Structure formats: structure tokens, C-alpha cells
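Subject: structure for your pocket and core work

Hello,

The structure is below, with notes on its cavities, a pocket and the nonpolar cores after it.

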Amino acid sequence: FWCSYFPGAKNDTNLWIFFPHQQARFSYLHMKYLFFSWLAVFVGSWIVYVEYSSYTELCRGHDCKNSICDKYRKGVIDGSACSSLCEKGTLYLGKCFSSKPNSQAKVGDQANLPDLATVVLSIADANKDGHISLPEARSMWALLQLNEFLLALVLQDREHTPKLLGFCGDLYVVEKVPYSPLYGISLPWVIELWIPAGLRRSMDQWFTPSWPRKAKISIALLELVEDIFHGTFGSFLMCDVSATNFGYNDRHDLKVLDARYIVPEASFQEGMRERRCDVDEDCLYGVDCHTSCDLTKHRCTPEVTRPNLAKACSALKDYILRGAPSDMSEELEKQLYACIALKGSAEQMEIEHSLILNNLKTLLWKKISHTKDS
């Protein structure tokens with residue numbers, strides 16, 4: 001405790017006076033502060049260490065490149081991107097977007113296999129010499145085990161997937177999508193804990209394009225749902241329809257960023273039939289693909305409880321309703337909720353599914369067809 005003046009002291013000099021009980025109180029508060037500060041640092045450091053160690057364990061770009069290039073130099077694999085990656089050094093691995101392992105893909109039973117084979121062979125011929133070498137064949141076989149690569153082949157004539165630029169082994173290169181995710185802002189988890197859910201959903205819509213451009217992007221998502229339902233190469237299920245899996249380019253064309261959970265329906269159904277369950281919650285794949293549990297067999301049923309369209313409408317609801325023109329917002333909201341309420345597989349309610357899909361596309365398109373943003 002500092003006393004600036006003490007009467008009676010020589011030359012009225014300043015003095016230090018200590019009060020034992022206040023010093024003890026100060027020491028206690030100081031130690032308490034130090035303890036919790038060190039505790040916070042320790043816990044934070046441990047979380048960072050655990051996250052980083054698990055991330056780097058599965059996301060080692062340098063090791064992946066060395067492994068791929070070693071196989072390329074030995075003649076085990078080949079592809080159109082191998083030279084750029086392993087010889088010229090013009091292709092490098094940057095940010096790792098996920099550390100989750102991939103699962104094997106399988107083409108649907110309704111697929112047009114001859115047409116798909118033609119597409120695969122044309123891409124596999126990396127040097128365009130009219131022949132598929134054994135290294136090229138090995139690379140293509142490895143790629144065909146990836147859901148996202150298979151979907152890129154299926155939708156290569158559409159604008160929903162980034163353009164395939166090349167491959168080397170099981171590594172493939174696509175065009176960059178400049179705007180991602182579709183919407184939403186990233187916040188530190190400490191801040192996330194204190195933000196109410198309603199406010200958080202509103203914040204996700206702060207930095208989005210103008211409404212006509214959002215309408216164009218939304219139409220494209222609806223068209224994607226249409227394209228992967230009974231398409232040329234079979235039906236696919238969208239098992240994670242979240243904003244982080246989509247983006248768009250400068251022309252506001254929708255692009256699929258992460259297609260690992262857009263899976264062939266036949267593959268999904270086969271896996272579910274073999275899955276053991278005790279409750280319905282055991283029958284979940286990804287984030288959005290639920291089936292029910294058959295308690296008589298303790299096996300999951302193969303049919304999803306919600307179609308792709310209902311999940312897409314759920315993802316679009318806040319996005320497209322925010323800023324919608326007043327003369328159509330009520331009708332738009334009505335149609336979106338009718339879409340979200342769809343149940344069962346698309347095959348079971350194909351007419352209603354098609355009607356709602358077409359009504360939504362028509363409503364949005366009529367509103368933006370005369371604008372420059374369309």
C-alpha cells in the first residue's frame with residue numbers, strides 16, 4: 001500500500017506502509033489469477049495439440065506427394081497431372097480440407113454402363129495416344145473408388161461440379177471454386193458458445209450475394225437434385241447437404257466442393273441392409289441419410305426417410321428467404337415448407353416430388369429471368 005504523505009516524518013518524505021491482511025488478500029487473488037491463467041493455457045494448448053496431431057497424421061501433403069511421385073517414377077501409375085506434380089513442380093499440394101477417410105464407390109444398378117465405360121476410357125488415356133497403359137489403368141481404377149470423382153464423371157456435361165483438369169494415381173485436380181462456402185461465417189468455438197442459435201443462423205446470411213444471384217444459385221442446387229435422381233448413370237443420395245459442401249464461381253454457378261457424401265443409391269442400400277441396429281438412430285449415413293431399424297431382424301431398412309429435395313430445401317430456406325421480394329416471399333416460404341415436409345424416398349412419391357421441384361424452379365426463375373443477374 002502506497003502512502004504519499006505521512007505527518008511527522010522527517011522532511012515529509014514518502015513512505016511505504018504494509019498492511020499484512022491486505023498483502024495476504026492481494027497474494028491470494030494474485031495466485032488465483034495465475035492458477036486459472038495457467039489452467040486456460042494448458043487446456044488450450046492440449047486442445048490445439050490433439051487437433052493438430054490428428055490433422056497432420058492424416059493430412060501430410062508432402063508425404064502424399066512423395067508416395068505418388070515415387071510410384072510415378074517407377075512406372076506403377078501415370079496420369080495427365082503426374083508431370084506437373086513430380087517433374088515440373090508447377091502443381092503443389094496446399095491446404096488439406098479434410099482428414100476423413102474415403103469410402104469405396106459403386107455405380108447404381110440403373111447405370112448406363114457402356115456410356116460410363118466410354119467416359120472412363122477417354123479420361124484414362126492421359127497422353128491421348130489411343131491406348132490405355134497399365135499405369136494409366138491403375139490410376140483410373142484408384143480414382144473410381146472415390147465417390148466425388150465418380151460424381152464428377154457422371155455430371156461432367158453439367159455445371160454443378162468443378163471441371164476435371166487432370167489426375168495422377170488417386171490424386172485428381174479440378175478447377176478452383178473462388179467463393180466458398182455457399183453461406184456462413186467461421187467463428188472461434190469460444191465465441192460460438194455464447195451466440196444464440198437464432199442469431200447464429202442470421203449471422204450466416206450476412207455476407208451473401210444479392211437476392212437474384214442467390215435465386216440463380218438456388219435453382220442450380222434444385223437442378224443438381226434433379227440430375228442425380230434417375231440420371232444416366234443411376235441414382236445418387238445426398239447425405240450431407242450443408243453450406244460448407246457447396247460454393248459458386250464468378251458467374252454465380254453452383255459448384256459442389258465436397259461430394260464424398262453424394263453416394264450411389266445402390267451402394268448405400270447394400271450397406272444399410274448389412275448394418276445391425278437396435279434403434280433408428282443406428283441407421284444413419286453421413287449427416288442426412290436416415291433409414292429405419294427393422295427390430296424383427298435388427299437390420300437397417302434400405303430406403304431413406306427423406307428425399308434429396310427435402311434436404312436441399314432445408315439448406316436453402318434461410319438463404320433464399322432473406323431479402324426475398326415482398327410480392328413473392330409468402331408463396332416462396334409456403335413452397336419451401338411443403339418441400340421440407342417431403343418424406344420417404346423419391347421413388348415412393350415421384351409425382352409430388354417432381355411437382356414441388358418444378359414449382360420452386362418456376363417461381364424463382366420468373367422473378368429473375370428479366371434481370372441481368374440471371
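A search of the whole structure finds three cavities of 30 Å³ or more (a cavity is a set of points on a 1 Å grid over the protein atoms alone where a 1.4 Å probe fits but cannot get out; lining residues have an atom within 4 Å of a point). This is a predicted model: local features need pLDDT of at least 70, side-chain atom pairs count only at pLDDT 80 or more, and totals for chains, interfaces and linings use all residues. Residues are numbered from 1 along each chain as its sequence is written, and side-chain values use heavy atoms, without hydrogens and water.

The second largest cavity has a volume of about 40 Å³ (the space filled by probe spheres set on the points, which are joined across faces, edges and corners). Its lining includes Met238, Val241 and Phe246.

The second largest pocket (an open set of points with protein on both sides within 12 Å along at least five of seven lines) has a volume of about 280 Å³. Among its lining residues are Pro181, Tyr183, Glu192, Arg200 and Asp204.

The largest nonpolar core (buried Ala, Val, Leu, Ile, Met, Phe, Trp, Tyr and Cys residues joined through side-chain atoms within 4.5 Å; buried is under 20% relative accessible area with a 1.4 Å probe, protein chains only) has 61 residues. Met238 and Phe246 are among those touching the most other members. A second, separate core has twelve residues, including Ile68 and Tyr72.

Regards

Conventions: Buried means under 20% relative accessible area, exposed over 50%, partly exposed in between (1.4 Å probe, protein chains only).
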